[in-house]
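Open the model in your viewer and keep the selection box handy. We will hop from one selection to the next, with a short note at each stop.

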Amino acid sequence: MLDLTLLLDVVLKSTWALMPILLAALGEIFSERSGVVNIGLEGIMLLSALAAVAVADYFLNPWAGVLAGVGMGLLIGVVHGVISVYLKGDQVISGIGVNLFAYGFVAYAIEVIWHVRGYYTPRYEAKMPRLPVIGVSPLFILSIALAIVMYFILYKTDYGLKVRAVGENPEAADVVGIHVERTQFISTLVGAALAGLGGTVLSIDWLAAITKELPAGRGFIALAIVNFANWNPTYALGGSFVFGFLWTLSEYLKNLEVAKALIPIPLINTIPYIATLAITAGLIGRARPPRHVGKPYKKE
Amino acid sequence: MVIYLVSLGRTALTVLAVVITAIVVAGVMYAAVPKGGQTITQTVTVTVTKTEAVTQTITATQVVATTTPTQHVKAAVIIRKRGDLGFNDMAWLGGQMAVKNLGATVEYFYYENVPMAQYLEFLENIVRRGFDIIVVVNFMMAEQVAELADKYPNQKFAILDAVVEGKPNVMSIVFKENEGSALVGALATYLSKSGTVGIVLGMDIPPLWKFEIGYKWGIHYVMNETGRKVKILWEYVGTFGDPNKGKEAATLMLQQGADIVYHAAGETGLGVIDAVYDYSQKTGKKVYAIGVDAPQEWIRSGYVIASMVKHVEVAVYKAVEDVAKGSFKGGVVALGIREGGVDISKPEDIKIMMGIAVELNLMSQDEANKVYNEVMNLRNSIPSEVWDKVMLLREKIIRGEVSIPIPTADTIAELRQRYG
């Protein structure tokens with residue numbers, strides 16, 4: 001039953017399910033490594049998906065859409081960064097705010113921009129083209145590259161050391177002359193921009209459509225992947241792949257008559273989530289969050 | 001270089017600028033590369049105007065409307081809001097038909113900005129304003145309607161897509177989606193060249209079973225007629241709100257050889273239509289989607305071959321008409337093909353939708369004409385004998401010569417065994 005071409009197909013397909021989650025998770029890792037939690041990933045993805053469709057459809061250029069998606073992420077990053085880094089607000093509440101705002105705003109904006117309700121499908125030209133031969137998205141290559149680059153930045157550069165130091169012990173970092181607030185702010189921006197890129201993937205790369213709830217919980221899956229990955233970008237790559245693979249595989253299973261007869265369909269739908277949970281639970285003993293994550297840093 | 005800049009720390013913001021510039025440059029370079037696609041120009045031959053479209057439906061129903069004397073009716077129609085080119089716009093159309101044909105006064109109320117917790121208050125305020133009939137086009141309000149029906153026994157209600165039982169003043173209008181799905185199932189089977197057809201469904205719940213079993217029944221009907229074996233691929237993706245997931249499900253079916261995929265999955269179904277478009281582009285094969293609820297051909301004109309339409313306007317009109325004629329009765333009314341409640345999409349349906357799109361400024365007249373032409377081109381590519389055969393099945397259903405099973409929790413397992 002398990003032939004090689006099928007396996008290859010599942011692997012190639014899982015690049016789609018992997019991308020948005022990986023990008024959002026990478027962003028969150030960079031942000032949390034500096035001590036700033038952003039649970040507004042879902043909201044950022046949704047807002048960026050909207051911005052990407054709007055701009056790509058207007059200029060008929062998907063890359064303009066990518067810019068807009070990343071730009072929208074940055075914008076939300078500025079808001080979340082100012083609230084949580086400079087104003088010392090509660091990071092969780094700010095994140096929830098982003099999510100709630102996104103759900104309301106996007107439903108409204110779809111109507112204002114396109115005068116349609118609920119969803120909009122952009123013109124063909126707005127869609128990201130595929131790479132020749134392998135047929136994956138150019139953004140997939142970018143996502144993988146970003147995971148590796150981020151690993152190097154975090155673990156092999158002075159700047160990465162500073163980021164991690166700020167997230168572990170901001171007082172000590174401050175004493176040795178690191179600009180704690182600035183470092184946190186920049187990390188928040190990078191994190192939000194990456195989540196924005198993830199949202200862009202959803203709306204003009206994987207699909208060409210925007211709906212009121214396009215991310216469908218992927219922002220929260222990304223948060224789980226961050227835990228699973230132990231705040232390490234390369235593990236996040238692995239974690240997103242495992243999730244994406246199982247997600248795609250469960251779609252396959254649902255198509256098999258044998259599986260359909262044996263397992264209730266809703267149960268098959270839960271496979272990727274349960275498996276990810278099991279893996280996370282299995283590794284949680286080793287997972288150690290940055291020590292100062294989620295707490296605003298106040299100078300004495 | 002990026003890493004070096006970051007390590008400077010001070011100028012870290014520059015990194016972002018560099019990243020963004022890199023993306024811009026890459027994007028512009030990519031955009032500059034000539035693409036393989038070609039522009040298709042088309043001469044506009046058909047003019048779709050709203051008046052033409054709306055009058056057409058109205059003349060169609062006029063014959064029925066003038067048979068008995070009617071009284072003046074003041075009706076309230078509760079819809080989410082206009083502009084979805086689907087359910088809500090069709091409900092509005094039903095109200096307009098009542099105005100034109102029955103001389104009724106119709107007021108529309110929009111519940112879009114009403115939180116669920118305030119549905120009762122919202123409805124009660126409408127009741128207090130004194131309407132002969134309140135037509136609720138939102139099945140989520142069933143509980144509130146039931147409560148108010150007890151509190152105001154003289155107020156007549158009609159609710160669509162939900163069943164409120166045991167109230168003499170509530171008419172529950174449901175649709176026989178199994179009949180409409182059987183029609184598109186038959187169409188898909190006649191059209192399929194590969195011998196494999198698919199259906200992507202939302203959640204595995206009883207209302208969706210009607211779509212599944214109806215579609216499968218239609219396929220089996222054609223298999224018995226022609227003696228040709230057709231493979232059915234079906235899947236419940238588990239959600240109505242995840243188009244990306246719908247796309248994966250549909251792509252899988254296309255890869256397994258399906259050349260026509262029907263969907264009954266709400267927004268998830270957008271992914272089905274997108275998958276069909278993508279797959280056609282990538283492989284050059286002719287594959288099509290079948291839309292649901294509204295005439296969805298316009299979403300990706302040229303890739304949606306037909307739709308299973310729920311005629312919400314007929315349901316709304318019927319509720320008002322029954323009151324006007326004094327024949328209003330509480331209880332469940334199921335509208336099938338015979339009653340005009342469900343059907344396979346007709347060119348007029350698309351014309352009406354395009355008319356509404358132009359009227360609401362969703363599309364320019366040119367765009368609407370272009371979409372309409374593309375839709376009609378695809379439609380006309382279907383051999384007329386296929387249409388004749390589908391219409392024959394439609395006649396048989398109307399005359400009651402065949403009956404399509406309505407699945408329940410007790411029978412679904414058996415029906416799935418029988419129809420694969």
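Start by selecting residues 268-283 of chain B, and colour the buried ones: B:Thr268, B:Gly269, B:Leu270, B:Gly271, B:Val272, B:Ile273, B:Asp274, B:Ala275, B:Val276, B:Tyr277, B:Asp278 and B:Tyr279 in α10(B). Buried here means that 20 or more other C-beta atoms lie within 10 Å of the residue's own; exposed means 12 or fewer, partly exposed is in between, and the C-beta atoms are placed from the backbone. Helices (H or I, at least four residues) and strands (E, at least two) are DSSP runs, numbered from the N terminus.

Before going further, please note that this is a predicted model, in which local features need pLDDT of at least 70 and side-chain atom pairs count only at pLDDT 80 or more, while totals for chains, interfaces and linings use all residues. Residues are numbered from 1 along each chain as its sequence is written, and chains are lettered from A and ligands numbered from 1 in the order in which they are written.

**Stop 1: helix α10 of chain B and what follows**

Stay on the helix: 12 of the 16 residues of α10(B) are buried, so mostly covered is a fair description of this helix. Now put a distance label between its end C-alpha atoms. They are 23 Å apart, which agrees with the 22 Å that 16 residues should span at 1.5 Å a residue; the expected span is 1.5 Å times one less than the number of residues.

Next, select B:Gly284, which follows α10(B) and has a positive phi, near 75°. This glycine is in the loop between α10 and β9 (288-293) of chain B. Is B:Gly284 buried or exposed? B:Gly284 is exposed, because 7 other C-beta atoms lie within 10 Å. Add B:Val312 to the selection: B:Gly284 and B:Val312 are 28 residues apart in sequence, and their C-alpha atoms are 37 Å apart in space.

**Stop 2: all of chain B**

Zoom out to chain B, with its 15 helices and 12 strands. Of its 420 residues, 50% are buried. To colour by domain, use 50-175 + 313-335 for domain 1 and 177-309 + 383-419 for domain 2; these bounds come from an automatic or database domain assignment. The C-alpha centres of the two domains of chain B lie 30 Å apart.

**Stop 3: a six-strand sheet**

Show the strands β2-β1-β3-β4-β5-β11 of chain B, in that order: these 6 form an open sheet with parallel pairing. Strands of a sheet pair through backbone hydrogen bonds, either parallel or antiparallel. At the edges stand β2 (105-110) and β11 (331-335) of chain B, each with a single partner strand, so one side of each has no neighbour in the sheet. On average, neighbouring strands of this sheet are turned by 20° against each other, direction ignored.

Now focus on β1(B), residues 74-79, which runs parallel to β2(B) and is joined to it by 6 bridges. Two strands count as paired if DSSP finds at least two bridges between them. Look for B:Ala75 opposite B:Val106, and for B:Ile79 with its bridge partner B:Tyr110. Because 5 of the 6 residues of β1(B) are buried, the strand is largely enclosed by the rest of the structure.

Add helix α4 (residues 87-102) of chain B, which lies across β1 and β2 and runs at about 170° to β1(B). Such angles run from 0 to 180 degrees between N-to-C directions, with axes fitted as lines to C-alpha atoms, for helices over the stretch in contact.

**Stop 4: where the chains touch**

Bring chain A into view: 38 of its residues are in contact with 41 residues of chain B. Contact means that the C-beta atoms of two residues, placed from the backbone, lie within 7 Å. Among the elements of chain A that each supply at least two residues to this side are α3 (62-86), α8 (180-206) and α10 (233-255).

Finish at A:Leu202, in helix α8 of chain A. With 31 C-beta neighbours inside 10 Å, A:Leu202 is buried. Its contacts include A:Pro20, A:Met45, A:Leu214 and, across the chains, B:Asn244. A:Leu214 is 12 residues away from A:Leu202 in sequence and 7.4 Å away in space, C-alpha to C-alpha.

Note on methods: Lists of a residue's contacts leave out its neighbours within four places in sequence.
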